[in-house]
Each structure stands twice: as structure tokens, then as C-alpha cells.
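Work through the exercises below with the sequence and the model open side by side. Each task is followed by a solution that proceeds step by step.

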Amino acid sequence: MKHIVIIGNGISGVTTARHIRKNSDHKITIVSAETKYFFSRTALMYVYMGHMKFEHTQPYENWFWKKNRIELKEGLVSKVHTDKKELEFSDASTLSFDQLIIATGSKPNKFGWPGQDLEGTLGMYHKQDLEKLEKFAPDNKACKRAVIVGGGLIGIELAEMLRSRKIPVTFLVREDSFWNGVLPAQESEMINNHIKEHHIDLRLSTNLKEIKSDENGRVKSIIIEETGEEIPCNIVGLTAGVTPNIDFLKESGIELSRGVKVNRFLETNIKDVFAIGDCAEQHEAIGQRRNIEAVWYTGRMMGETLAQTICGNKTAYKPGHWFNSAKFLDIEYQTYGWVFSERGKQENEAYFQWQHPTDHKCITISFDKNTHQFLGINTFGIRMRHEIFDKWLTENQSIEHVLEYLADANFDPEFFKLHEAEILAKFNTENNTNIQPKKKSWKRIFSLN
């Protein structure tokens, strides 16, 4: 009976353990220094906002692990001795393995700012960050102002959390428009305006210079690089992206770059050592995906894939078409396929864009300007069906087909106002076409399954 040790109890590690147990009787140990039990990281914000308690973020009851013979070990791994197949912990204890799975996730980026480790600085990634937030920002009396550094998805979640307790927020974003390295200009500008509508002090083209301390070693203020302005604050959220959490592997002999280098089978250069999730870096990117994908669902998929290999059915990681979803305060965002910002747009790509005149709704459809092949779609404020776009991308459908059958893809609840007719009218006007919308067909929709 092999002993499989998994470092990290996030979605990647736990999914692997569950699927190994479904398919084998191997001994399984999950090691974590963060929490004993797996929790949904994406739900941390809702604990702070009062929508749920922390125990509600745990998908499995505490008895689940013992019943499924998955051992849980709390401890911080300080070294991996691949030659001896042994983990060494910070308390000098050890644990032997037959096969090792590294699933240690990410940690917030820090760029050497003076004061970046003061009391009152935090990311928004770990349970310990939530605990810090409750300690330093329980309300707007204890926390007169928060500053957030870095304009990504975690930053805007943290802003929403703080505003739920009426804490004033200043948001420093290096780019000249929010997330405009990812989003086309139309969408980025809409998010800028929406952030300001929520009474968040958004500072674009603005960098952090330093974080200043009071006499007790706690955050007192920040200094802005460009102007020297000092902004008093009680906490600083460092949300300028994440980086793989792999420092403990530097002397292990495992090949590292930004992350743990793996092949398509999620194998490292060391036999019986694998890496998955946010900390894994593909030697060669899969299609147009990034080498490192810090996304919840890809971590789950890697876990399912690797479990097959561990159980004797060697399986390559094939994530399929890119998709993602997020929430910008009140605006839901979905993306399927590839829609790049203007700076990343390829020579053959064209956009079709529609934006509601008064509401926070818009779409961008990317297509090949020569063949009209549908390449991807971003939607804001309009819910769409993943399965339908996945099918259209697989079938290399045209933008005309996508627009003609767009009603099939709409997933908004009953009585929501639909916009397919005005979207299609704009395309027809701009392209001198006469595409007529097909009515939604549940028969077509359910034939996908």
C-alpha cells in the first residue's frame, strides 16, 4: 500500500485526495499549516461581510476525513528530502512518503516596500488574513481608513468587504484604468465608474512608495510614489497579484522557476513527486493559457487528473477552453474563450462590442476578422451558459451563428430584461448584415447534455 502525502489542503490537494480514495486503498495524508480542515477560499469574503460563519465555508463535515481514511496533519513543512522521500517540519519532526504531491498554492506578492510586513498589512488569501482583518478592521471606529494596493480581483473583493462595514477605502492601481491589462477599454472604464459609485477613492496610475509605522510597529499611513502624499490609514491590503508558495523547496532538487516545473502529466523532474494548482508551472503553456494558472477550477481539474495517474491510469492534464467568472462589486463577469485587452489583441482579431446606455451591462465578442470564427466573449451583468459557449468554441462557430442563437446562451432568471435584439441590431448596422435572432429553444439547450 503506497503512502501518498499531499502538502496543501486547498481545492487542488483535497480533490486529489478524494479521487485517489475513490479509486484505491492507498494511505493518504494531507499536510497543512493553515487550517486543519479544507475550506472554500473564495467564501472568506462572505464571512467578513456577515453572510455566513467560517464553519459554513467547510464543504465537508469533520467526520468525513476519518470515514474516508484521509489523515490530516497540521504542520509547516520546512524542507523536502527527495533522496530519502521524507518531509521535514519546522519542529524538526519528519514524515516519509512513497509519492508526494505539492499543492501549496500562492502567497501575496510583495515588492520590497518599506513597511510591507508591519502589523496591519495583509493579503486576502488565507484564513489568517481574515483573522487579521477582524482584529485591525472590525468597524469604522477602529479602522478610520484602509488602503488597498493592486487592482485585481482580490483587491476589489477586499474593497467590497471593507465597504460592507462602512470603512473608507483608498484603492491604489498602477494602471491608468482598472484591470486594463486583461479587459478591453470599454469594460475597464465601466468598472472604474462603478468603483467610484461605491464611494471608493480610486487612484489610477498610482504606486505605493512606503508604509509608515506608529510607535507600536503598526500601520499609520502610506506614502504615494508619484506625489509624496501621505494618506493616514489603519490597514494596508497588499493585493498586487500572487506568486507560487514554494520557498521551502529551494534545496529539494525539484526544478523550480516561478513555480514548480511540471509536464503535461503534472510530474516534476523527480520521480514520484508531482505539483498541482497555483504552485505548478507548465514547462510549455497549454494553448494560450498561462504557464501558471491561479484559478480555482483549474486546481480542481488538476487534482482529478493527477488522481487518475496515481491510481495507475496515466492521464494528461487537458483543461479545455478557457473560462472564468468573477464579481466586480454589483457586476457579474463571465469570460469564455479568449478576449484580450487592446494591448494583447492579435493581428487577426476584431471586437464586436455592445454596452447598455444606462445599466452596468456590456459584452465584447472577439472573432477572426478574416474568417469570422468566434474566439471568445466577455459578458458583464448578463449571465450566460458555460456549456453552450464551450460547444460553440469546440465547433469553431462563426460570430454570426453565436449572435443568431445568443438567446440559447442567456442564463438570466425569468423576468430579467433581455437584450439580444438590440445587440444583434447593433451588429447588423455595423456590418451591413441582416441576421435574425432565433427564439430560445430548450430542446437545443438540453440536447447538449
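The exercises that follow concern aromatic pairs, charges over rings, one loop residue and the nonpolar cores of this predicted model.

**Exercise 1.** Classify the geometry of the ring pair formed by tyrosine 60 and tryptophan 65, and state how far each residue is buried or exposed.

*Solution.* A pair of aromatic rings is described by the distance of the centres and the angle of the planes. The model holds 22 aromatic pairs. For tyrosine 60 and tryptophan 65 the centres are 5.7 Å apart and the planes stand at 80°, so this pair is edge-to-face, given that planes over 60 degrees apart fall into that class. Turning to accessibility, tyrosine 60 has a relative value of 22% and therefore counts as partly exposed, whereas tryptophan 65, at 3%, counts as buried, the limit for burial being under 20%.

**Exercise 2.** Classify the pair of tryptophan 179 and tyrosine 333, and determine which parts of the chain it links.

*Solution.* The ring centres of tryptophan 179 and tyrosine 333 are 6.0 Å apart with planes at 85°, so this pair, too, is edge-to-face. Tryptophan 179 belongs to the loop between strand 11 (169-172) and helix 6 (185-197), while tyrosine 333 belongs to strand 22 (residues 331-337), and the pair thus links distant parts of the chain, 154 residues apart. Both tryptophan 179 and tyrosine 333 are buried. Finally, ring pairs join these two residues with Phe171, Phe178, Phe328 and Phe380 in a cluster.

**Exercise 3.** Which tyrosine rings have arginine 165 and the charged end of lysine 345 over them?

*Solution.* Arginine 165 lies over the face of tyrosine 48, at 3.7 Å from the ring centre. The charged end of lysine 345 is placed over the ring of tyrosine 351, at 3.8 Å from its centre.

**Exercise 4.** Describe the surroundings of asparagine 180.

*Solution.* Asparagine 180 is located in the loop between strand 11 and helix 6. Its relative accessible area is 13%, so asparagine 180 is buried. Once neighbours within four places in sequence are set aside, its contacts are Glu175, Ser188, Ser341 and Arg343.

**Exercise 5.** Which residues touch the most other members of the largest nonpolar core, and which element contributes its largest share?

*Solution.* This core has 75 residues, of which Leu87, Leu100, Ile101, Ile102, Phe352, Phe389 and Leu403 touch the most other members. Helix 7 (residues 296-310) supplies the largest share, six residues. Beyond four places in sequence, the contacts of phenylalanine 352 include Ile363, Ile399, Leu403 and Phe427. A second, separate core of 41 residues has Leu122, Ala137, Leu162 and Met190 among its members.

Notes: Residues are numbered from 1 along each chain as its sequence is written. This is a predicted model: local features need pLDDT of at least 70, side-chain atom pairs count only at pLDDT 80 or more; totals for chains, interfaces and linings use all residues. Side-chain values use heavy atoms; hydrogens and water are left out. Rings of Phe, Tyr and Trp (its six-membered ring) pair if their centres lie within 6.5 Å; planes under 30 degrees apart count as stacked, over 60 as edge-to-face and the rest as tilted. Buried means under 20% relative accessible area, exposed over 50%, partly exposed in between (1.4 Å probe, protein chains only). Helices (H or I, at least four residues) and strands (E, at least two) are DSSP runs, numbered from the N terminus. A charge sits over a ring if NZ of Lys or CZ of Arg is within 6 Å of the ring centre and within 35 degrees of the ring normal. Contact means heavy atoms within 4.5 Å. A nonpolar core is a set of buried Ala, Val, Leu, Ile, Met, Phe, Trp, Tyr and Cys residues joined through side-chain atoms within 4.5 Å.
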